[in-house]
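Thanks for making time this morning. I would like to walk you through one structure, going from the whole chain down to a single residue, so please have a look at it first.

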Amino acid sequence: MNKELPGALVEEIGGTIGVMEEHVDFLKERFSLITMKEFKENKEHLADKIVCIFNWANKPDVNSELLKALPRLKVIASAGAGVDHLDIKMISSYGVKVANTPHAVTNSTADLAMTLLLVAARNFMEAHQIAVSPNTVRFHANWVGGDITGMTLGIVGMGRIGYKIAQRAKAFEMKILYHNRHRRPEEEKSVGASYCERLDDLLQQSDYVMLVVNLSPETEKLMGKHEFQMMKPSAMLINISRGLVVDQEALVEALETGQIKAAALDVTYPEPLPRDHPLLKMSNVVLAPHMGTATREITHF
């Protein structure tokens, strides 16, 4: 370990939840990397060396016990835009700051949002199965998906990512509605969007409902039974925010009963879903493994 460098605590190096191998050289130029395993095995020697926790894939778990054990900790650097996995109030009580990377993930997340919209709208997953099935002898002329151009997209949350999605939707000549805590007149004018002060108004008019909000006490289960009842039977839900923004039991019911047509989800709760969860078995559901920021350009410094 380079004693001249401050220590940074990481879950592990490599593997499914560890810091990417490609990041190690960059980090080691600035920190002595200490894994959780090393820290647990030698707390007395390493605790005073650690000034930073590098939180990658929401690991290491940051709790009061860990913070009490790190007297010189200054900052928790969390990769990604969301910090709902961190107890900010509790962390602040220890005099520790939290940093994240909201701007770095904006475009890639907006790109995935449009990808999910297109895949769900055009029924691409079923189309792929038809194309590769050994039982397919001809393509059915009457098999169809849904249109994008001219349809109405309702964006719930017009922050950085929501605005980037609106820009992409404008290129598809979609009608854009948005619901936000505060009206954003400049962005509204730029993409030709219409503001819906009431969420219900957006839900009733939209062909595609896109969830792009941060998880907070106000947005937990923002989409529940009532909200699905407000949507068109032909409408589709796309969620790239957090799984807990949606009441999943209500979503399953809405999909099973035809209250809404389909859903495309990059996020669920928990992640991954239990392997027997109903959403995994539905033909009108597209699921992705929380990959909004998983691009080569973002994950490589």
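The chain holds 13 helices and 12 strands, and I should say at once that what you see is a predicted model. Along the principal axes, the C-alpha atoms fill a box of roughly 70 × 50 × 35 Å. There are 301 residues in the chain, and 44% of these count as buried. If we take the contacts in the chain with a separation of 6 or more, then 60% of them are accounted for by residues that lie 24 or more positions apart.

Let me turn to one of the sheets. This is an open sheet of 5 strands, which run in the order β2-β1-β3-β4-β5 and pair in parallel fashion. At its edges we find β2, residues 32-35, and β5, residues 97-99, each of which pairs on one side only. On average, and with direction ignored, neighbouring strands of this sheet are turned by 25 degrees against each other. Inside that order, strand β3, which covers residues 50-55, pairs with strand β4, residues 75-78, in the parallel sense over 4 bridges. To give you a residue to look for, I53 has I76 in β4 as its bridge partner.

Next, a pair of helices. Helix α6, residues 106-121, and helix α8, residues 160-171, have axes that come within 9 Å and cross at roughly 50 degrees, and the two helices are therefore oblique to each other. The crossing in which α6 passes α8 is right-handed. On the α6 side the contact is made by T106, N107, T109, A110, D111, A113 and M114, while α8 contributes R160, I161, K164, I165, R168 and A169. Sorted by class, this contact of α6 with α8 has 6 nonpolar, 3 polar and 4 charged residues.

Finally, I would like to stop at a single position, T219, which is placed in the loop between β9, residues 208-211, and α11, residues 225-230. Does T219 count as buried or exposed? T219 counts as buried, because its relative accessibility is 13%, and the cut-off for buried is under 20%. As for what surrounds this residue, and leaving aside residues up to four places away in sequence, T219 touches V213, N214, L244 and V245.

That is the tour I had planned, and I am happy to go back to any part of it.

Key:
Residues are numbered from 1 along each chain as its sequence is written. This is a predicted model: local features need pLDDT of at least 70, side-chain atom pairs count only at pLDDT 80 or more; totals for chains, interfaces and linings use all residues. Side-chain values use heavy atoms; hydrogens and water are left out. Two strands pair if DSSP finds at least two bridges between them. Axes are lines fitted to C-alpha atoms, for helices over the stretch in contact, and angles run from 0 to 180 degrees between N-to-C directions. Buried means under 20% relative accessible area, exposed over 50%, partly exposed in between (1.4 Å probe, protein chains only). Contact means heavy atoms within 4.5 Å. Angles under 35 degrees count as roughly parallel, over 145 as roughly antiparallel, 65 to 115 as roughly perpendicular and the rest as oblique. A crossing is left-handed if the near helix is turned anticlockwise from the far one by less than a right angle, and right-handed if clockwise. Ala, Val, Leu, Ile, Met, Phe, Trp, Tyr, Cys and Pro count as nonpolar, Asp, Glu, Lys and Arg as charged, and the others, Gly among them, as polar.
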